[in-house]
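Me: I have a structure to go through with you. I want the reasoning behind each label, kept short.

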Amino acid sequence: MTLAPLLAAPFAIQLHAVAALSLIPLTAVQFWRPKRGDLHRWLGWAWVVLMTVTAVSSFWIHSIRLIGPFSPIHALSLFTLANLYLGVRARRQNRITAHKAHMIGIAAGWAGAGLFTLLPGRLMFQTVFGG
C-alpha cells in the first residue's frame, strides 16, 4: 500500500476519497448498532454530511468521460443526493421503513462504487495494491 498516488491526485479526488473512506467505519456502526437514541441521530447526520461530500465532490472528477465530462458513476451521485434528501425527509415524517430503505440503498450504491475503484488501473487500486 502506498499513499503516493492519492497524495499526487487533484484536491477533488483527495476530498472524495477521504470522505468515502471515512464512511466505512461509520456505516458499519450505523447499520449494526441499535437504531434509537441520540448517538444514532448524531452519527446519522455525520454520515449524511460525509455522503453528501462524497457525492458532490464526484462532479469534479472526470477520469472516465463517456457523456461529455461525465460517466455513468455520476448518475449514482445524483441517485445518492436524491435519496439522502428522501431518507432524511422520511425520518422527519417518522416513516422509519422508508428511511431505512433509502439509507440501505445509498450504502449499497456507495459500496458498489467503492469496489469499482479497486479495478486495475484505477487510482485506489494503485493506492491499495501498489503499482
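**Helix 3 and its neighbours**

Reply: Start with the length of helix 3, residues 38–57, in this predicted model. At 1.5 Å a residue, its 20 residues should span 28 Å. The end C-alpha atoms lie 28 Å apart, so the two values agree.

Me: Which residues of helix 3 are called buried?

Reply: Buried means under 20% relative accessible area. His40, Gly44, Trp47, Val48, Met51, Thr54, Ala55 and Ser57 are the buried ones in helix 3. Their cover includes helix 2 (11–32), helix 4 (72–92) and helix 5 (96–116).

Me: What makes helix 2 roughly antiparallel to helix 3?

Reply: Their axes cross at roughly 150 degrees and come within 8 Å. Angles over 145 degrees count as roughly antiparallel. Therefore helix 2 is roughly antiparallel to helix 3. The crossing is left-handed. By class, this contact has 14 nonpolar, eight polar and no charged residues.

Me: Which residues make that contact between helix 2 and helix 3?

Reply: Helix 2 brings residues including Leu15, His16, Ala19 and Leu23. Helix 3 brings, among them, His40, Gly44, Trp47 and Met51.

Me: Why is helix 2 called oblique to helix 5?

Reply: Helix 2 and helix 5 pack at about 140 degrees, with axes 12 Å apart. Roughly antiparallel needs over 145 degrees, and roughly perpendicular runs from 65 to 115. The angle fits neither, so helix 2 is oblique to helix 5. This crossing is left-handed.

Me: What residues meet between helix 2 and helix 5?

Reply: Ala20, Leu23, Ile24, Thr27 and Phe31 of helix 2 meet Met103, Ile104, Ala107 and Trp110 of helix 5. Eight are nonpolar, one is polar and none is charged.

Conventions. Residues are numbered from 1 along each chain as its sequence is written. This is a predicted model: local features need pLDDT of at least 70, side-chain atom pairs count only at pLDDT 80 or more; totals for chains, interfaces and linings use all residues. Side-chain values use heavy atoms; hydrogens and water are left out. Helices (H or I, at least four residues) and strands (E, at least two) are DSSP runs, numbered from the N terminus. The expected span of a helix is 1.5 Å times one less than its number of residues. Buried means under 20% relative accessible area, exposed over 50%, partly exposed in between (1.4 Å probe, protein chains only). Contact means heavy atoms within 4.5 Å. Axes are lines fitted to C-alpha atoms, for helices over the stretch in contact, and angles run from 0 to 180 degrees between N-to-C directions. Angles under 35 degrees count as roughly parallel, over 145 as roughly antiparallel, 65 to 115 as roughly perpendicular and the rest as oblique. A crossing is left-handed if the near helix is turned anticlockwise from the far one by less than a right angle, and right-handed if clockwise. Ala, Val, Leu, Ile, Met, Phe, Trp, Tyr, Cys and Pro count as nonpolar, Asp, Glu, Lys and Arg as charged, and the others, Gly among them, as polar.
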